[in-house]
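Biologist: Let us go through this structure together. I will keep asking how you know, and you show me the reasoning.

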Amino acid sequence: MQLDAAAADGALDSWARFCALTGELLGGRGDLSVGPRFTPVVADLCSRGLATFLRDYFLHSLEETFREKAVKKFWQHFHPYCSSSAVDRIKFCAEEHWPDEILSTALEDICLEKSYQEKCVLVLLHALQSYEDRTPKTKSKAADCSFSLMPRYQLMVSSVLLTTLPLNFPEILNFYFKKKLEELNNVVAGSDDSDQLDNYDLVERSNTSAWHSAMDIDGQETVISESSYLVKNIGKVVRDLRCLGFTSITEDAYSSAIIWLLKSKVYELAGDDYRIPVLGCVKKWIQAVPLRFLHALLTYLGDSVDYENESSGLKSPLASRPNSFPGIGVPSEALVRWHMRLEYFAYETLQDLRIGKLFEIIVDYPESSPAIEDLKLCLEYTGQHSKLVDSFISSLKYRLLTAGASTNDILHQYVSTIKALRTIDPTGVFLEAVGEPIRDYLRGRKDTIKCIVTMLTDGSGGNASGTANAGDNLLEELNRDAENQENVDYDDHTNIDEKQAWLNSESWEPDPVEADPLKGSRIRRKVDILGLMVSIIGSKDQLVNEYRVMLAEKLLNKSDFEIESDIRTLELLKIHFGESSMQKCEIMLNDLIDSKRINSNIKTSLLKSPQSVPGQEEKEMSQDVLDATIISSNFWPPIQTEDLVVPASVDQLLSDYAQRFHQIKTPRKLQWKKNLGTVKLELQFEGRSMQFTVAPVHAAIIMRFQEKSSWTSKALATELGIPLDSLNRRISFWTNKGVLTESAGPDADDRTFTVVDSMSDVNKHITANDRLDEYQMTEEGESSVASVEEQLKKEMTVYEKFIIGMLTNFGSMTLDRIHNTLKMFCMADLSYDKSLQQLQSFLSGLVSDEKLEFRDGAYLLKK
Amino acid sequence: MARGENSDAQSSNVPAAAPSGAAAKPAAAGSARGAEGQSVVRRLQSELMALMMGGDPGVSAFPEGDNIFHWVGTIAGSAGTAYEGTSYRLGLTFTAEYPYKPPKVRFDTPCFHPNVDVHGNICLDILQDKWSSAYDVRTILLSIQSLLGEPNNDSPLNTQAAALWANQEEFRKMVEKIYKPAA
C-alpha cells in the first residue's frame, strides 16, 4: 500500500496530538477534561488503522507513569523494614501499629493512583467505543483494542509490581495478618471470658451449647460490631492487595497466619495437661475465630457464592457437611473447604503433640484418658497410626526399657499401655507392634514372673505395700474377665438366631491396613491383658508354678486359717487358666480348710484326755497352744527342711498331736516340719515381760535358756541339732533384742551367751533396738518353700550331663539346638519338659558356674 | 613320604562325611521294620542314658541331628601314651540289626595309628568277628581308647605307623603332625 504525503502528514499530525493529549491526561491529576478533545483524535487515528499502535503507546505511557509515580512510592513505605537487619525487624514487629498503618496508607496511595489511571483507560475506551459506534459495519481493529484494553492494563499493573517486589513483602503481609488475627482472637476470647466468667470453668470449655448461645446474647453486639469492623479493615486491605494483583501472595499470607494461630491455639489449649479433652474446644475455636474471619472476608470480597445457586448445580460432596455454622448461617463451599482444612490441621497438630507426649500420658493413664480419647479421634481422622507406633516405641526404649527401671514399673506401664491403646485401637494391631519390645525386654528379666504373680494376687489382700496399686489393676482385670465370661455365656443363647448372626456379619470391618496378616484376624486377637502378660512368660505353666510357690509361702505363714481372699483369687485364676492347671493350688487351699477342721477336732479330743492325769498341768503345756497346718506334701512345692531338736515339752505335744492324728485319720501319719511355722512367746523377767512372734528355731534357742542361763554356742548347736553357723545367725536375733549377751567363750570360734536379767540393761537395749526389730525379722524371714529357680535348678541338673555330653561331641551348640536335642533324646523317666526360657536360664547358670562358655550365640564347654 | 601321608589324610575327610548322609537309610529302614526297629531305638536310648549318667572320663558319644542311628563319639587320648592331650572324633553308624551286628565305627579326626587307615577305618576284632551283643557304645569307645595305647602291630592297616611304633618319640611327632583337632 502506498501512502500519499497528505495522508502521512495527517496521520503524523494526529499522532502528535494524541501523544500530547495522552501526556496531559496522565500527567494532570484528577483532570479528565481532555476527554472530549481526545475522542476525535482517536477516531482519526483509528480510521487510519493505527488502533493497535495507539493502544500500545497509551499503555506504555501508563506504565511509565505508574512506575514513576506510584510504585516507587509504594515500596518506599516498606523500605525501612526491608533494609534493616534481622534484629531491627523484630523491633518493627513489636510496634503496635506497625505493618497495619504503613500497609493501609501505602495501599491507599497506590490504589488512588490506580483508580485514576483506570479512569484514564476508560477515557480511551470511551473514545474507541464512540468511534466504533459511528462505523459499526467495518470490523475494525479498534474493537479488539477496546476489548483487551482493561485486562492488559491490569496485567501491566501486577507485573510491574511483582517485578519490583522486595523479598520481604510476603513476610510483612504475614505479620500483618498474624497481628490482625490475634486481635480478632482477643476480641472474641475477651467477650467470651467476660460473658461466661461465672458459669465457666475449664472442663466446661467443651460444653458446646453454652458457648454458642452466648454468641447470640445482646451483650455480644459490641463485640460483633468490633470484630466486624476489624474484619472490614482487613477485607479492605485484602481487596486492595488483590486489585494490585497480589491475590496469591495475600492468600498465602492469611492462610499461613491462620494456620499459625491455630497451631498456637492448639498448643495453648492442649499444653501438658492431659486430664481435660481439648479437641472439642479447638473445634469450637475454629468456628469462632478463623472461620468467622474467613466468612466475613469472603463475603466482603464478594467471593462467597450463594449457596442456593450452587447447590442447584453440581454439588460437591464436601458441601454435604453440616451446613450451618453459628453466627454465619449457611456456609459457602469455599468456607466448607476451609473448615475441613483447618480441622484436619488441628487434628494433625494435636495428634503430633499428644504422640510426642504419649509416654507421659500413659504414665498417668487413668487420669489422662481424656487425652487418649482426643488422640483416638485425631487418629481416626488422620490415619497416621504408624507415626504413633514409631514414636512410642522409641520413647519406650529410651525411657522405660533400661536397667534403671524396676520390673514392677515396667509391668505397670505395660498394663497402662495396653489399656490406653485398647481405647485407641480396639483391634489391638498397634498394641501388638508397641508391646513387642516391652515383652522382649521383660523376658530377659528374672523377676518378671514373680512380679506378675504379685500383681495378680496382691490386690485382694488390701496390702499396704507399694505394689498394691499395680496389683489392683490385674486383679480387677481378672474380675472383669470373669464377668465377661458370664456375659459371653448369656450372649450365646441370643446369638443362636440367624438374625443376630446376620447383624454381626454386617457390622464386620476389615482390619487396619497395618495389621500383620500372619497374626490372624481380629476375632482371634482379642485384647486381653492377662493373656498378654502370660505371653511375656511364654507359658501359663510357669506362671501357675510361681503362683503355687508364692501361695505355699503365704499359706504356711498363716496362723489363722483365713483364706477367703486366696480362694477368691484362685477361683478367678481358674476361670482364666483352666481347672486342671490350678488343681494343685486348690488342693493346697483345701489342705488349709481341712487343717482347720482336723486341728480343732484333735484339740478338743486331746484336751479332754489330760484330765485323767491332773497335777501335770502345771508343767506341761496345754494342747491349746498348738495349731497345726496339715499339708499333702505331694501337691505342695518342695519344702525346705532343716533338722531341729525342739524342747522336750514341745516335742511331747507334737507327738501327742501326731498320735491323735493317726488315730483319727488312719492310715495316715503326721510328719512334723519342725523348722516351719511361727511361735508366739512371752519372756518373763523380774517384774517384766516381753512378747515375741518368732520362728520355731528362735523359740527353741531361747527355751534352752530356761534350763540354764548361759550356753556356749557349740553346746547349744549340738543340743538343738543345727549347724553352728546357722545357730550363730539365728541367735543374733536375741542378742539384738537385748535378751542375751554375747561374750568370748572357751575357744576362738566358741562364744558364750548369757541371759540378760537386769531390767535396766534390757530397757537400754530395747530402746536402742526397737526400730531394728521389724527389720531384723523380715530379713530373718527365710522362705519355707524352695523358690522356683531352686526347683528348676534341681530338676535341670539331670540334664546337665546330657548337655555336657552333647557339647563334648558337637563342640558348640545354639540354645535352640540344645533344646531340640534334649527334647529328642531325653525319654522315658527322664523326659524333658522344660521351656526354652527355663533352659536358657539354667544354661546361663552353668556359664556363671564356669562350666560352660557362651560365645557367638552358641554354648561350648569351658576348657 | 610323610607329606604324602598327610595329604592322603586330608582327602580322607571327604569320604568321612559320606556316612552321615547315608545314615538316614538305616533309620528309615529301622522305623519301617516296626517293632524290631523300635526295640533298637529303645536300646540305643538306654545306652545313651547309661553313657551320660555313667560319666566315664575320656569317652563320650551323642546321637547326631535327629537320627539316633548315627552317633558322634569323642575319645581322649589316655595319659602316658603317645596320644596324651589329643581328642579324637569318631562316627558310629548303627544298623537295624544292632546289637546283633556291630556298628560301623571310623575316625573322623585324622589319626596316625597302626590299626587305623588313612580313611579312618579301624581294624579292631570286637568290631568285626569278635562282636557280641553284650558290647555297647561305651565298651566300644573304651576299647578304641585302649587300642590307641596298645596297638595290634601284627595286622597293621598303616604299616608306617606300625614300623614307627618302636620309636615312641618319633611316633608321637607323627601323631601330632597328622592330628587335627575338631573345631
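Modeller: Start with a definition. A polar contact is a pair of N or O atoms within 3.5 Å; within protein, one must be able to donate a hydrogen and the other to accept it. Keep in mind that this is a predicted model. By that rule, five residue pairs are in polar contact across the interface of chain A and chain B, both residues at pLDDT 80 or more.

Biologist: How many salt bridges does the rule find across the interface of chain A and chain B?

Modeller: Zero. A salt bridge needs a side-chain nitrogen of Lys or Arg within 4 Å of a carboxyl oxygen of Asp or Glu. The rule finds no such pair across this interface.

Biologist: What makes up the contact, and what is the area buried between chain A and chain B?

Modeller: Chain A gives 15 residues and chain B gives 19 residues. The buried area is about 1400 Å². Carbon and sulfur atoms give 69% of that. On chain A's side, A:Phe802, A:Asn809 and A:Phe825 supply 44% of the area that chain A buries against chain B, more than any other three residues.

Biologist: Which helices of chain A each supply at least two residues of the side that touches chain B?

Modeller: α32 (788-810) and α33 of chain A. The largest share comes from α32(A), with eight residues.

Biologist: Where else does α33(A) make contact?

Modeller: Helix α33 (residues 815-825) of chain A packs on a sheet, touching β6 and β8 of chain A. Its direction makes about 90° with that of β6(A). Helix α34 (residues 836-848) of chain A lies across β7 and β8 of chain A, at about 110° to β7(A).

Biologist: What is the order of the strands in that open sheet, and why are β6 and β7 of chain A called edge strands?

Modeller: The order is β6-β8-β7 in chain A, with antiparallel pairing. β6 (812-814) and β7 (852-855) of chain A each pair on one side only, and that makes them edges. The twist averages 30° from one strand to the next.

Biologist: How do you know that β6(A) and β8(A) pair?

Modeller: Count the bridges. Pairing takes at least two bridges. Three join β6(A) to strand β8 (residues 858-861) of chain A, so the two strands pair. A:Ser812 stands opposite A:Leu860 in β8(A).

Biologist: Why is helix α23 of chain A called largely enclosed?

Modeller: Seven of the nine residues of α23 (residues 529-537) of chain A are buried, so the rest of the structure largely encloses this helix. Among the buried ones are A:Leu530, A:Met533 and A:Ile537. After α23(A) comes A:Gly538, whose phi is positive, near 115°.

Biologist: Why is B:Phe107 called buried?

Modeller: Buried means under 20% relative accessible area. B:Phe107 has 3%, so it counts as buried. This residue is found in strand β4 (residues 104-107) of chain B. B:Phe107 touches residues including B:Tyr88, B:Leu90, B:Val116, B:Ile144 and B:Leu148.

Biologist: What share of chain B counts as buried, and what pattern does the chain follow?

Modeller: Of its 183 residues, 45% count as buried. Chain B has eight helices and four strands. Along the sequence, chain B reads α-α-α-α-α-β-β-β-β-α-α-α. Among its contacts between residues at least 6 apart in sequence, 59% join residues at least 24 apart.

Methods. Residues are numbered from 1 along each chain as its sequence is written. Chains are lettered from A and ligands numbered from 1 in the order in which they are written. This is a predicted model: local features need pLDDT of at least 70, side-chain atom pairs count only at pLDDT 80 or more; totals for chains, interfaces and linings use all residues. Side-chain values use heavy atoms; hydrogens and water are left out. Axes are lines fitted to C-alpha atoms, for helices over the stretch in contact, and angles run from 0 to 180 degrees between N-to-C directions. Contact means heavy atoms within 4.5 Å. Buried means under 20% relative accessible area, exposed over 50%, partly exposed in between (1.4 Å probe, protein chains only). Buried area is the accessible area (1.4 Å probe) that two parts lose on being put together, summed over both. A polar contact is a pair of N or O atoms within 3.5 Å; within protein, one must be able to donate a hydrogen and the other to accept it, and residues adjacent in sequence count only if both atoms are side-chain atoms. Lists of a residue's contacts leave out its neighbours within four places in sequence.
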